[in-house]
Amino acid sequence: MNKMVMKVTMVVLILLSLGLAYAIYHQLTKSAVIQSVDEIVLKCANPNCDYEKGITREEFRIWVRRDFEKFMQANPSRRLTEEQKQELLLRDLGSKRTGLGLTCPECGQETVFKAIQCEKCRKIFFPGAKKGAVYDKCPECGFSKIEQKKNK
Ligand SMILES: [Zn+2]
Ligand SMILES: [Zn+2]
């Protein structure tokens, strides 16, 4: 091998290992999304956006309230009873089931929904990601807290 080829090979190898290191770092920092059980995991459903975050219930409440105001302004003709309002605030907004997403701080689309973080492999996914299985079954490693509890 001549010197030039050696040099190019070295550079390529260094770049590859840097890329690998970055990928590992990215994975590690990502997997630390949830700090405590009291947090809610959010994920953006926009395939071009990788927003994922664990926030406290209080932060989530504030966020939902803010988006609720926007929702009401966008639907001025919609008359809601007090009960429906509470339901929107507590259950429906940010739920994949209703499709009423919260506004994503990264891509700006209304596609942020509550998600689940796998206890085993730390993957973040939407409930029911695995078809025909319990809603909390991880599409990555197959772990399910519900199933684990049942089998005990
Ligand atoms: Zn997004
Ligand atoms: Zn998993």
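# Exercises on a predicted α/β chain

**Exercise 1. Decide whether Glu59 is buried, partly exposed or exposed.**

Solution. Glu59 has 14 C-beta neighbours inside 10 Å, so Glu59 counts as partly exposed. The cut-offs are these: a residue is buried if 20 or more other C-beta atoms lie within 10 Å of its own, exposed if 12 or fewer, and partly exposed in between, with C-beta atoms placed from the backbone. Next, place the residue: Glu59 belongs to helix α2. Finally, take a distance: the C-alpha atoms of Glu59 and Ile40 are 9.3 Å apart, with the two positions 19 residues apart along the chain counted as separation.

The model is predicted: local features need pLDDT of at least 70, side-chain atom pairs count only at pLDDT 80 or more, and totals for chains, interfaces and linings use all residues. Residues are numbered from 1 along each chain as its sequence is written, while chains are lettered from A and ligands numbered from 1 in the order in which they are written.

**Exercise 2. State how many helices and strands the protein chain has, and in what pattern.**

Solution. Start with the rule: helices (H or I, at least four residues) and strands (E, at least two) are DSSP runs, numbered from the N terminus. By this rule the protein chain has 4 helices and 4 strands. Along the sequence they follow the pattern α-β-β-α-α-β-β-α. As for burial, 12% of the 152 residues count as buried.

**Exercise 3. Work out the order of the strands in the sheet and say which stand at the edges.**

Solution. Two strands pair if DSSP finds at least two bridges between them. Go through the pairs in turn.

- β1 and β2 are antiparallel and pair over 5 bridges; Glu39 stands opposite Thr56 in β2.
- β1 (residues 39-44) and β3 (residues 112-117) are antiparallel and joined by 4 bridges; Cys44 stands opposite Val112 in β3.
- β3 and β4 (residues 124-125) are antiparallel and joined by 2 bridges; the partner of Ile116 is Phe125 in β4.

Put together, the open sheet of 4 strands has the order β2-β1-β3-β4, with antiparallel pairing. β2 (52-56) and β4 stand at the edges with a single partner strand each, so one side of each has no neighbour in the sheet.

**Exercise 4. Describe how helix α2 lies relative to the strands.**

Solution. Helix α2 (residues 57-74) lies across β1 and β2 and runs at about 105 degrees to β2. For this angle, axes are lines fitted to C-alpha atoms, for helices over the stretch in contact, and angles run from 0 to 180 degrees between N-to-C directions. Contact here means that the C-beta atoms of two residues, placed from the backbone, lie within 7 Å.

**Exercise 5. List the residues of the largest nonpolar core and find which strand supplies the largest share.**

Solution. A nonpolar core is a set of buried Ala, Val, Leu, Ile, Met, Phe, Trp, Tyr and Cys residues joined through C-beta atoms within 7 Å. The largest one has 9 residues: Leu42, Cys44, Leu93, Leu102, Val112, Phe113, Ala115, Ile116 and Ile124. β1 and β3 each supply at least two residues of this core, and the largest share, 4 residues, comes from β3. In soluble globular proteins, nonpolar side chains tend to be buried together. Leaving aside residues up to four places away in sequence, Leu42 touches Lys53, Ile55, Val112, Lys114 and Ala115.

**Exercise 6. Find where Arg122 lies and what is notable about its phi.**

Solution. Arg122 is in the loop between β3 and β4, a hairpin with 6 residues between the strands. The phi of Arg122 is near 70 degrees, a positive value in a residue other than glycine. Arg122 has 17 C-beta neighbours inside 10 Å, so Arg122 counts as partly exposed.

**Exercise 7. Say how many residues of helix α3 are buried, and what phi Gly94 takes.**

Solution. Helix α3 (residues 82-92) has 11 residues, and the count of buried ones is 0. Just after α3, Gly94 takes a positive phi of about 80 degrees.
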